[in-house]
Amino acid sequence: MRRSGVRFLFPAPTGSTPQGLLSACPGSSGDSSSTTTTTIYGLAYDTANAKLYIANAGRSTIQSLDPAALTNTPVTLAGGDNVTGTTNGDGTAARFNNPMGLVMTGTTLVVADTGNSLLRKITSLTGTKTVANYATGGSFSYPIEMVVSTTDIYLADANNHAIKKISLASESSETWAGTAGTSGTTTSVTRLNALFYQPTGIAIDTAGTGVIYISDSSNHTIRKIDIASGAVTTIAGVAGTSGYKNSATGTSANFYVPTSLVFTGNALYVTDTGNHAIRKIDTTTNAVTTFAGSAGTIDTSLTSTSGSTDGTSTAARFYAPRGIALNGTTLYVGDQAGTKLRQIDLGTGAVTTFTKTF
């Protein structure tokens, strides 16, 4: 099935129905004031500096948080609070427009400046925070999340319905998977013949050389691309069918707007945004379970439950989780439609609220 010229479909959440939590509050391309509030989308952990970076899309800023600090309060790293634009510069003199994706590459933080359809970079993270354009030869449309391999950045370019690849050496960009501008559901094909429908989340296997995982959000599926062969397959979810069901076979499971991904060991963790849950996919068997949030047994259709309760694993509750990062055995998750940061202990499944002050 093909859909040409599809606009981004997701309005802001209303009431208890999280309708498509992929869009923030698009601003203008020039400097302008805004009345937006905190909306966390992208998270990235910087191992070298022991910092968590936050793409605060609603405020059009990039924030920095020291997880070891007693205050648990982020500070603005770059961007003008509630002021949008495309200005490059130092730290808070720079301007973004609803940034949604972050990734560390060496000592550089790359930002998907989603509302501007640009990639930006922040260098000298421990000194002067210099913001500049990145991959200037690329043509992006609503870029969201990224992941780094040994030689490249892979980008989920949502409104192009494609995966872009950016060379770390040259910063040149190319369409790596999908047919830019055309959406659909084709699978079990090679990467340039595959069709996606607003991919948003992306992860890579631990070795960084073998497999790319994609949350194909508007298809409600999780896809896999073998880097060497280019083969594209669906490992979980049913294309075009939203819902909430765990499954031992993966492709019998249901998701509702899966967004962010992180891979560790043989597990892929998914923020299942519309289902208010963190799902786990065993990548050796493709079995799908609920790791945190509303509980459910295999092959049983469920009704998801939202909330803000801390607790262990399926006793905890989330509301529209979006954005995920890994620090050793701790998962950080943007929750409450992007207004709260939660943490999950991978060993015990304990869910706690880390901060709600931005």
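In what order do the five strands of the open antiparallel sheet that includes strand 27 lie? The points below take up that sheet, then a second one, then the surroundings of strand 5.

1. The model is predicted. In the open five-stranded sheet, the strands follow the order 27-31-30-29-28, and their pairing is antiparallel. The edge positions belong to strand 27 (311–312) and strand 28 (324–327); each has a single partner strand, so one side of each lacks a neighbour in the sheet.

2. At one of these edges, strand 27 pairs with strand 31 (residues 350–355) through two bridges, in the antiparallel sense. G311 has V351 of strand 31 as its bridge partner.

3. A further open sheet holds four strands in the order 13-14-15-16, again with antiparallel pairing. Here strand 13 (143–148) and strand 16 (173–177) are the edge strands; because each has a single partner strand, one side of each is left without a neighbour in the sheet. On average, neighbouring strands of this sheet are turned by 30 degrees against each other, with direction ignored.

4. Within the four-stranded sheet, strand 14 (residues 152–157) and strand 15 (residues 162–167) run antiparallel and are joined by six bridges. One register point is A156, whose bridge partner in strand 15 is I163.

5. Which strand 5 residues point one way, and which the other? T61, Q63 and L65 lie on one side of the strand, I62 and S64 point the other way, and all are buried. Since five of the five residues of strand 5 (residues 61–65) are buried, that is, under 20% relative accessible area, the strand is largely enclosed by the rest of the structure.

6. Strand 5 has antiparallel pairings with strand 4 and with strand 6. Five bridges connect strand 4 (residues 51–56) to strand 5, and the bridge partner of Y53 in strand 5 is S64. Strands 4 and 5 form a hairpin with four residues between them. In the turn, S60 has a positive phi of about 55 degrees.

7. The pairing of strand 5 with strand 6 (residues 75–78) comprises three bridges. I62 stands opposite A78 of strand 6. The two strand 5 residues named in these bridge contacts, S64 and I62, both belong to the group that points away from T61, Q63 and L65.

Terms used
Residues are numbered from 1 along each chain as its sequence is written. This is a predicted model: local features need pLDDT of at least 70, side-chain atom pairs count only at pLDDT 80 or more; totals for chains, interfaces and linings use all residues. Side-chain values use heavy atoms; hydrogens and water are left out. Two strands pair if DSSP finds at least two bridges between them. Axes are lines fitted to C-alpha atoms, for helices over the stretch in contact, and angles run from 0 to 180 degrees between N-to-C directions. Buried means under 20% relative accessible area, exposed over 50%, partly exposed in between (1.4 Å probe, protein chains only).
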